[in-house]
Amino acid sequence: MKPYAFGVDIGGTTVKIGLFSAVGKLLDSWEIPTRTENEGTLILPDIAKSIEGKLKDRGIEISEVEGIGVGVPGPVLTNGIVDQCVNLGWGVFDVRTELSKLLEGIPVEVGNDANVAALGEQWCGGGKGRDNVVMVTLGTGVGGGIIVRGRILNGNHGAAGEIGHIKVKDDEKEKCACGKKGCLEQYASATGIVRVAKRRLKKDKETRSTLRKIKDLTAKDVLDAAKKGDPMAVDVMERVGKLLGEAIATVTCVLNPDVVVIGGGVSKAGPYLLDLIQRYYRPAAFHSSQNVVFKLAELGNDAGMYGAVRMILNEA
């Protein structure tokens, strides 16, 4: 195996790039802007130029690089073709081939960013030492990634792991971003928690709550208030925890993982959130998955870079 590899995590605003050793040690990391104008045609050339510059600065020949792993915010087919990344301006786009051409034919592997982050956590984060991992990312939406025997489960169209779009309620009137109604994302994401809290405040005008005094309510406000025992915030989080715990029980019934890793901004609530989820997960889980380990994600924003480079090392 060659001594170096790169992990690239493409986001809508910035591209995170990491230079790794072949054993997975992060040697250097940096960011460049994601230039989405002109239908995203500048993104891959910018990445190639940045990598070339880093190789020159470090005195590394491209022949010493095993390859480049790339995480992208959209579905990825098993042949490395991206099936539309709307916020990057891409339609159906062969990222693997095009980036390889820009860097002297270097091997490139491509994956969905949520799946790639899950692989990073399985390798060096909350799922370290476990082969079969489910990651649930609670951020603006609810994302997911599934790792089976140390490799990403992509599914037929690159859309496996869309845990946020499991239907959990039948009586929802508002549409989810996906166009359906009653998705887990509508309640358990950061925006979902705020939605549930605002509905509760509107419905119950009698119960005292510190949440009523907050003008621009956030999920952190709700979680902080719940930790302090605010009755309305506690009720909101119990409702969210029930939906989340039971949805994860559905997932583990199918996949029977070793560990469930909880990441994203909402996971900063720490042990309180894990305890809440597990309180509803355990009674709902199939008996062989009742004792699955729950862990918080550990790599933060670096998970995508770690997972991206792991794809390359897996292939090597």
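# A guided tour from the β2–β3 hairpin to the cysteines

Begin with Phe20, which stands opposite Leu26 of strand β3. The model is a predicted one, in which local features need pLDDT of at least 70 and side-chain atom pairs count only at pLDDT 80 or more, whereas totals for chains, interfaces and linings use all residues. Residues are numbered from 1 along each chain as its sequence is written, and side-chain values use heavy atoms, with hydrogens and water left out.

**The hairpin.** Select β2 and β3 together. Helices (H or I, at least four residues) and strands (E, at least two) are DSSP runs, numbered from the N terminus. Strands β2 and β3 run antiparallel and are joined by seven bridges; two strands count as paired if DSSP finds at least two bridges between them. Four residues separate the two strands of this hairpin, and in the turn Gly24 has a positive phi of about 95°.

Next, select Ser21, which is placed in strand β2 (residues 14–21). Its relative accessible area is 13%, so Ser21 is buried; the term means under 20%, exposed means over 50%, and partly exposed lies in between (1.4 Å probe, protein chains only). Neighbours within four places in sequence aside, Ser21 is in contact with Pro3 and Leu27, contact being heavy atoms within 4.5 Å.

Move to Ser29, found in strand β3. Ser29 is partly exposed, at 38% relative accessible area. Not counting residues up to four places away in sequence, Ser29 touches Ile17, Gly18 and Met305. A distance label from its C-alpha atom to that of Thr97, 68 residues apart along the chain, should read 24 Å.

**The sheet.** Widen the selection to the open sheet of five strands, whose order is β3-β2-β1-β4-β7, with mixed pairing. The edges are β3 (26–33) and β7 (108–112); each has a single partner strand, so one side of each is left without a neighbour in the sheet. From one strand to the next, the twist averages 15°. Angles run from 0 to 180 degrees between N-to-C directions, with axes as lines fitted to C-alpha atoms, for helices over the stretch in contact.

At the β7 edge, strand β4 (residues 65–72) pairs with β7 in the parallel sense over five bridges. Select Ile68 and find its bridge partner in β7, Val108. Helix α3 (residues 95–102) packs on the sheet here, touching β4 and β7, and its direction makes about 140° with that of β7. Then display helix α2 (residues 43–58), which lies across β1 (4–10), β2, β3 and β4 and runs at about 140° to β3.

**Helix α4.** Select residues 113–124. The 12 residues of α4 should span 16 Å at 1.5 Å a residue, and the end C-alpha atoms are 16 Å apart, which agrees; the expected span is 1.5 Å times one less than the number of residues. Nine of the 12 residues are buried, among them Asn115, Leu119 and Trp123. At the start of α4, a side-chain oxygen of Asn112 comes within 3.0 Å of the backbone nitrogen of Ala114.

**The cysteines.** Finish by colouring the sulfur atoms. The structure holds zero disulfides, a disulfide being a pair of cysteine sulfur atoms within 2.5 Å. For Cys85, the nearest cysteine sulfur is that of Cys178, 17 Å away. Cys85 counts as buried, at 0% relative accessibility. The sulfur of Cys176 is 3.9 Å from its closest cysteine sulfur, in Cys178, which is too far for a bond. Cys176 is also buried, with a relative accessible area of 7%.

Definitions and conventions. A polar contact is a pair of N or O atoms within 3.5 Å; within protein, one must be able to donate a hydrogen and the other to accept it, and residues adjacent in sequence count only if both atoms are side-chain atoms.
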